[in-house]
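Colleague: Before accepting the descriptive terms used for this model, I should like each one justified against its definition. Could you take me through them?

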Amino acid sequence: MKRAWTIGLALAALAVSAWGQDFYKGRTVELYIGYSVGGGYDIYARLLARHLGRHLPGRPVVVPKNMEGAGSLRLANWLAKAAPRDGTAFGTIGRGIAFDPLLGTEGAQFNASEFGWLGSANDEVSVCAAWGKSGISRFEDLYVRPVFVGGTGADTDLFPKVMNSILGTKLRLVTGYPGGNDITLAMQRGEVEARCGWSWSSVKTNHPQWVKDGTIKLLVQLSLDKHADLPDVPLIMDFVKTPEQRAILRLVFARQVMGRPFLAPPGVPAERLAVLRRAFMETMKDPAFLAEAEKIKLEITPVDGEAVQRLVAEIYATPREIVRQAAQAVR
């Protein structure tokens, strides 16, 4: 029985491979990027495009294309409504865009649980960090007095709002900075005292000495699980006091697990989606891909497509009252 089952699996794998070979050979696969050229999502996507074709049967050409607009919401809507559903087009969107319909974002025209999630290139862990001279050295200090924190209008705004509303911190958001580097400069100038939603991979790449010498103090990790580099820095989930708080923060911070997500339109045939998912994860382990990622200092901590699909489905099943409270918290 076990032998027959093993042979059956092998034959099924060969059938999928042959079926994909027939389809993808000589074709072009388009990878759409929901942001302009040169940003983090664009860099990850173009790196993937350079290597993914070798892992797809038939070795098709993978062409990256930018479709910026509304922080990648435009692309998410296009994937849901208009993209080809035959496995020749997929995309990458902002990590939080999948949950915009739940949080009441105007213009979100999709149900993210219907997408075919290929996986994420990293399981993102962001941090709240305070400038060392501010006198703020641990998360509990955020309950004591107002602390000015810089924001860009994205997660750097959303996370402080949620922490204030749900946990009772006293963060004072100063928003409107063009990008994260501008917040860092603002800390140096004394305009703000902290930055929340700062990617740990970016911190350790660009400012490792600041962590070592206390120029910045890491206050808390913003994710569902700790980063292996930071065993002694508390996790935001450590500060919840009720099941409702935990559910709300899980809804908000689930986006971190899919830090650099890739997704196919709804309705891609299951066999073809399986081919894309397998190729994605094989690329994540490809020595040439990893060597290039290391060279340009990209953190690769992949999450497979099935895990992302389950997480999105779980979040979309969140009770309505919890969703309402979360939406209210981020306004």
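Modeller: The answers below take up the sheet, the disulfide, the aromatic pairs and the cores in turn. This is a predicted model, so local features need pLDDT of at least 70 and side-chain atom pairs count only at pLDDT 80 or more, while totals for chains, interfaces and linings use all residues. Residues are numbered from 1 along each chain as its sequence is written, and side-chain values use heavy atoms, with hydrogens and water left out.

Colleague: What makes β5 and β8 paired strands?

Modeller: Strands are DSSP runs of E of at least two residues, helices are runs of H or I of at least four, and both are numbered from the N terminus. Two strands pair if DSSP finds at least two bridges between them. β5 and β8 are joined by 5 bridges and run antiparallel, so the criterion of at least two bridges is met. In this pairing Ser-126 stands opposite Ser-199 in β8. β5 is also joined to β9, by 6 bridges and again antiparallel, with Ala-129 opposite Leu-218.

Colleague: Why are β7 and β9 called edge strands?

Modeller: The open sheet has 5 strands in the order β7-β6-β8-β5-β9, with mixed pairing. β7 (171-174) and β9 (216-222) each have a single partner strand, so one side of each is left without a neighbour in the sheet. For β7, the pairing is with β6 (residues 147-150), in the parallel sense and over 4 bridges; Val-147 stands opposite Leu-171 there.

Colleague: How do you know that β5 is mostly covered?

Modeller: Buried means under 20% relative accessible area, exposed over 50%, and partly exposed in between (1.4 Å probe, protein chains only). In β5, 6 of its 6 residues are buried. Ser-126, Cys-128 and Ala-130 cover one side, and Val-127, Ala-129 and Trp-131 the other.

Colleague: What makes Cys-128 and Cys-196 a disulfide?

Modeller: A disulfide is a pair of cysteine sulfur atoms within 2.5 Å. The sulfur atoms of Cys-128 and Cys-196 are 2.0 Å apart, so the pair satisfies the cut-off. Cys-128 lies in strand β5 and Cys-196 in strand β8, so the link ties together parts that are 68 residues apart in sequence. The link is right-handed, with 120° about the S-S bond, and both cysteines are buried.

Colleague: Why is the pair of Tyr-35 and Tyr-41 called stacked?

Modeller: Rings of Phe, Tyr and Trp (its six-membered ring) pair if their centres lie within 6.5 Å; planes under 30 degrees apart count as stacked, over 60 as edge-to-face and the rest as tilted. For Tyr-35 and Tyr-41 the centres are 4.8 Å apart and the planes at 15°, so the pair is stacked. Tyr-35 is partly exposed at 24% relative accessible area, whereas Tyr-41, at 12%, counts as buried. By contrast, Phe-115 and Trp-117 have 6.0 Å centre to centre and 90° between the planes, and their pair is edge-to-face.

Colleague: What makes a set of residues a nonpolar core?

Modeller: The members are buried Ala, Val, Leu, Ile, Met, Phe, Trp, Tyr and Cys residues joined through side-chain atoms within 4.5 Å. The largest such core has 65 residues, of which Phe-110, Trp-117, Met-163, Leu-222, Ile-236 and Leu-249 touch the most other members. Helix α5 gives the most to this core, with 6 residues. Another core, of 30 residues, lies apart from it and includes Phe-23, Tyr-44, Phe-280 and Met-281.
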